[in-house]
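Reader: I should like to learn how backbone geometry, helices and sheets are read from a model. Where do we begin?

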Amino acid sequence: MDAAPPLRTGLSQSRNVLKVRTLADLARLAGVSTGTASRALSESPLVNARTRERIRTLARDHGFQPNRIASNLRSRRTGTIGVVIPLRHERRQHISDPFFMTLLGYLADELTESGYNLMLSRAVPDDAPDWLDRIAGSGMVDGVIVIGQSDQFETIERVAKDYPPLVVWGSSRPGQVHCAVGTDNGTAGRMAAERLLAGGSTRLAFLGETTGMEIADRFAGVRDAVEHTEASCLHLPCPMSLDLMAEELETRLIEHAGWIDGIVAASDLIAMSALKVLDSLGKNVPGDVQIIGFDDLQFAAQTVPPLTTIRQDIAGSARAIITRLKAAIGGNSPDSLITNPVLIERETTR
């Protein structure tokens, strides 16, 4: 005689009944309509907070993941943000630049936590004049972040008039259309030069290309600081690309090493290369030449001697960019934000 089949326990029956595969299953379990469940998962204010949290807790407890692709199709959203770096003025620079990588890391963290994917591209406007139109009109992204204005201010302004969900890391000009988040670069340049003057330097050099708006503003701040003093300032253009920077810096600093007693570098990377060249020339820093960098990247404290620099709030600015972009995607018109620079004193100034 065959043995009777084992009885199903209440626990196994419960597990079978409570399996949640679809949004309809979740709604049935929560005792609400499918529409209410969907709105609760998307944090709609049309569902009261207690019900939203109960439905989200049930979804979490039962491992339910809504079909993001189907949801995006219904909402006409892609769930993707385009991040583009225009490099017309410095086309030899690469995305692997330490500043870009630092800012991109913070942006990626903020986007991921907000439920977005990131689509990254590097644009050389000389090769593709419609670089921003292409990504804004592609239908592949919900919004666009531009890292740096390069010499493309007018292009960005034109596109921003018809494409509101666009936020730029960069400078801000009175009356501009596009939303920008960045540092007060003019104040930063002035702050750096004033620190060198206070340390006794009178023959300053600014190292960096000034075609891009941000670097041009830094140089303008340096010139403002020395304008009504007996000091003077020399501009020595320098590429941002690491593989070209050292050779060009060496050539320029050898030529002017006997004159320069203070350097404002447009980036920490340039300052680091200048330190190496000056050491090879037998120059003492800060005894013979003071140096101030810009950005306060992680390696700035590790140079020999540790680098005095101007700090930008890169992490805070990344949060501000994403907050403003999400507001723009939601139909609002966020204001630009320009943050204050901070002088970080280390051992390359006296």
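Author: We begin with a definition: helices and strands are DSSP runs, numbered from the N terminus. By that numbering, proline 305 is found in the loop between S9 and strand S10 (308-311). Please bear in mind that this is a predicted model.

Reader: Which peptide bond leads into proline 305, and is it cis or trans?

Author: As a general idea, most residues other than glycine have a negative phi, and most peptide bonds are trans. The bond from valine 304 to proline 305 is cis, with omega near -5 degrees. A cis peptide bond also joins valine 285 and proline 286, with omega about 15 degrees. Proline 286 lies in the loop between helix H12 (268-280) and strand S9 (290-295).

Reader: What is the sign of phi at aspartate 295 and at aspartate 296?

Author: Aspartate 295 is not a glycine, yet its phi is positive, about 125 degrees. Aspartate 296, likewise a residue other than glycine, has a positive phi near 60 degrees. Aspartate 295 lies in strand S9, whereas aspartate 296 is in the loop between S9 and S10.

Reader: Are these two aspartates buried or exposed?

Author: The cut-off needed here is that buried means under 20% relative accessible area. Aspartate 295 has a relative accessible area of 5%, so it is buried. Aspartate 296 also counts as buried, because its relative accessibility is 16%.

Reader: Let us turn to helices. How does one check the span of H13?

Author: The expected span is 1.5 Å times one less than the number of residues. Helix H13 (residues 314-329) has 16 residues and should therefore span 22 Å; its end C-alpha atoms are 22 Å apart, which agrees.

Reader: Which residue caps the N-terminal end of H13, and what follows the helix?

Author: Aspartate 313 is the cap: one of its side-chain oxygens lies 2.9 Å from the backbone nitrogen of glycine 316. After H13 comes glycine 331, with a positive phi near 100 degrees.

Reader: How many residues of H13 are buried, and which are they?

Author: An α-helix has 3.6 residues a turn, so residues three or four places apart point the same way. H13 is mostly covered, with twelve of its 16 residues buried. Among them are Ile314, Ser317, Ile321, Arg324, Leu325 and Ala328.

Reader: In what order do the strands of the open sheet lie?

Author: The general idea is that strands of a sheet pair through backbone hydrogen bonds, either parallel or antiparallel. Here six strands form an open sheet in the order S7-S6-S8-S9-S10-S12, and the pairing is mixed. Its edge strands, S7 (232-236) and S12 (342-344), each pair on one side only. From one strand to the next, the twist averages 20 degrees.

Reader: How many bridges join S6 to S7, and which helix packs on the sheet?

Author: Strand S6 (residues 203-207) runs parallel to S7, and five bridges join the two. Alanine 205, for instance, has leucine 234 in S7 as its bridge partner. Helix H9 (residues 185-198) packs on the sheet, where it touches S6, strand S8 (262-265), S9, S10 and S12. The direction of H9 makes about 160 degrees with that of S9.

Reader: Finally, how many disulfides are counted?

Author: A disulfide is a pair of cysteine sulfur atoms within 2.5 Å. By this rule the count is zero. Cysteine 179 counts as buried because its relative accessibility is 6%. Cysteine 238 is buried as well, at 0% relative accessibility.

Technical notes: Residues numbered from 1 in each chain as written. Predicted model: local features only at pLDDT ≥ 70, side-chain atom pairs only at ≥ 80, totals over all residues. Heavy atoms only, no water. Helix = DSSP H or I, 4+ residues; strand = E, 2+ residues; numbered from the N terminus. Buried < 20%, exposed > 50% of the residue type's maximum accessible area, 1.4 Å probe, protein only. Polar contact = N/O pair within 3.5 Å; in protein donor to acceptor, adjacent residues only side chain to side chain. Pairing = 2+ DSSP bridges. Axes fitted to C-alpha atoms, helices over the stretch in contact; angles between N-to-C directions. Contact = heavy atoms within 4.5 Å.
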